Amino acid sequence: MDGLMDKVVILTGASEGIGRALARELARLGCHLVLTARSETRLQSLALELAQEQGAQADVLVHSADLTHPHECRELIDACIARFGRLDILINNAGMTMWSRFDELEDLAILEQIMAVNYLAPARLTHMALPHLKHSQGQVVAIASVAGLTGVPTRSGYAASKHAMMGFFDSLRIELADDKVAVTVICPDFVVSQIHKRALDGKGNPLGTTPMKEDKIMSAEACAVAMVPAIACRERLLIMSRRGRLGRWVRLLWPSLIDKLAKKAIAGGH
Ligand SMILES: NC(=O)c1ccc[n+]([C@@H]2O[C@H](COP(=O)([O-])OP(=O)(O)OC[C@H]3O[C@@H](n4cnc5c(N)ncnc54)[C@H](OP(=O)(O)O)[C@@H]3O)[C@@H](O)[C@H]2O)c1
């Protein structure tokens with residue numbers, strides 16, 4: 001993946017799950033990485049692992065930030081420029097989810113919280129990064145979800161945030177074409193990570209245990225490996241499961257079938 005060698009990349013949500021696995025792949029391919037999430041401890045442990053795996057080649061800046069706070073987004077971009085002098089790729093990966101029927105939600109602030117992390121924070125961070133990305137003719141990557149392509153029961157707020165993300169980044173791609181800034185949207189299906197245990201229930205508390213059948217879904221490592229070529233080739237869209245790719249077309253002709261399959265996937269946990 002020569003296209004990624006020496007690229008300066010900001011990767012959000014790097015402390016856990018898909019982001020953590022993607023950091024390993026990007027470091028292996030010679031990227032200079034700005035790793036961000038709220039947990040400084042988890043980021044430092046990742047930086048240590050990368051240093052052990054890559055030796056002196058790992059060029060990593062750890063910068064913890066809560067991306068729902070605008071000034072922390074600004075400080076993140078500034079820290080990247082101060083250290084590396086440029087930005088080539090912004091990967092908006094940080095995210096959170098819910099696990100509750102809408103009529104069982106006790107606190108609608110959950111919807112606002114999910115929108116703030118999954119949609120507003122990437123939009124804000126992208127806005128702040130744009131001057132640097134235009135200068136480098138770089139790339140924005142948005143980790144959306146197959147839940148951005150269809151409705152998903154018990155995930156109404158999450159699906160809404162991922163649909164928002166898709167609409168936003170699809171629009172941005174058109175606007176940025178003349179600036180030669182690429183916009184890549186990636187839609188994973190279910191992946192083993194912390195997101196399911198951390199999903200908010202109807203009261204706004206993390207579930208604490210995963211409702212997924214983890215042996216039947218993709219590992220974060222496999223997910224990261226599959227994402228890399230799409231990023232390197234500046235592709236516009238990667239849908240990561242066969243059912244996700246087929247579902248888009250079937251939905252046009254037989255939408256109620258897709259509703260049934262979404263219900264079955266949630267009930268079965270895979
Ligand atoms: N796993 C799946 O099944 C799946 C499927 C489709 C799409 N996705 C998407 O893939 C992306 C990565 O998810 P994952 O599954 O790897 O989840 P994860 O293991 O829970 O990781 C989420 C990451 O986001 C960070 N984060 C959460 N809130 C944040 C905030 N306010 N500010 C800064 N960082 C924050 C977390 O770090 P801290 O807690 O340290 O801040 C963590 O590093 C998400 O956008 C998710 O929607 C996941």
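This tour moves from one selection to the next through the structure above.

The model is a predicted one, in which local features need pLDDT of at least 70 and side-chain atom pairs count only at pLDDT 80 or more, while totals for chains, interfaces and linings use all residues. Residues are numbered from 1 along each chain as its sequence is written, and side-chain values use heavy atoms, with hydrogens and water left out.

**Stop one: Ile18**

Begin by selecting Ile18, which lies in helix H1; helices (H or I, at least four residues) and strands (E, at least two) are DSSP runs numbered from the N terminus. With a relative accessible area of 15%, Ile18 is buried, where buried stands for under 20% relative accessible area, exposed for over 50%, and partly exposed for the range in between (1.4 Å probe, protein chains only). Show its surroundings next: not counting residues up to four places away in sequence, Ile18 touches Asn93, Pro188, Val191, Ser193, Ala220, Cys223 and Met227, contact being heavy atoms within 4.5 Å. Then add Ser219, which is 201 residues from Ile18 along the chain, although the two C-alpha atoms are separated by 8.5 Å.

**Stop two: the salt bridges**

Side chains of opposite charge can pair when their charged atoms come close. A search of the whole structure finds eleven salt bridges, each being a side-chain nitrogen of Lys or Arg within 4 Å of a carboxyl oxygen of Asp or Glu.

Select Arg42 and Glu16, whose side chains meet in a salt bridge at 2.9 Å, N to O. Arg42 belongs to helix H2 (residues 40-54) and Glu16 to the loop between strand E1 (8-12) and helix H1 (17-28), so the pair ties together parts that are 26 residues apart in sequence. Arg42 is partly exposed at 32% relative accessibility, whereas Glu16, at 17%, counts as buried.

Move on to Arg86 and Asp88, another salt bridge, in which the closest N and O atoms are 3.0 Å apart. Here Arg86 is partly exposed, with a relative accessible area of 35%, while Asp88 counts as buried at 7% relative accessibility.

Now select Glu106 and Lys203, whose side chains form a salt bridge at 3.5 Å, N to O. Glu106 sits in the loop between strand E4 (89-92) and helix H4 (109-136), and Lys203 in the loop between helix H6 (195-198) and helix H7 (220-232), so this pair ties together parts that are 97 residues apart in sequence. Glu106 is exposed, with a relative accessible area of 59%, and Lys203 also counts as exposed, at 53% relative accessibility. To finish this stop, select Arg20, Arg24, Glu49 and Glu53, which are joined into one network by salt bridges that share partners.

**Stop three: Ala121**

Select Ala121 in helix H4, where a relative accessible area of 4% makes this residue buried. Leaving aside neighbours within four places in sequence, Ala121 is in contact with Leu67 and Ala116. Leu43 can be added as a distance marker: Leu43 and Ala121 are 78 residues apart in sequence and 19 Å apart in space, C-alpha to C-alpha.

**Stop four: backbone angles**

Most residues other than glycine have a negative phi, and most peptide bonds are trans. Asp6, in the segment before E1, has a positive phi of about 70 degrees although it is not a glycine, and its relative accessible area of 41% makes Asp6 partly exposed. Continue to Arg234, in the loop between H7 and strand E7 (237-239), where phi is likewise positive, near 55 degrees; Arg234 counts as partly exposed at 35% relative accessibility.

**Stop five: H8 and H9**

Finally, display helices H8 and H9 (residues 255-268), whose axes come within 7 Å and cross at roughly 140 degrees; the axes are lines fitted to C-alpha atoms over the stretch in contact, with angles running from 0 to 180 degrees between N-to-C directions. The contact is made by Arg243, Gly247, Val250, Arg251 and Leu253 of H8 and by Pro255, Leu257, Ile258 and Ala265 of H9.

Within H8 (residues 242-253), select Trp249, which counts as exposed at 57% relative accessibility.
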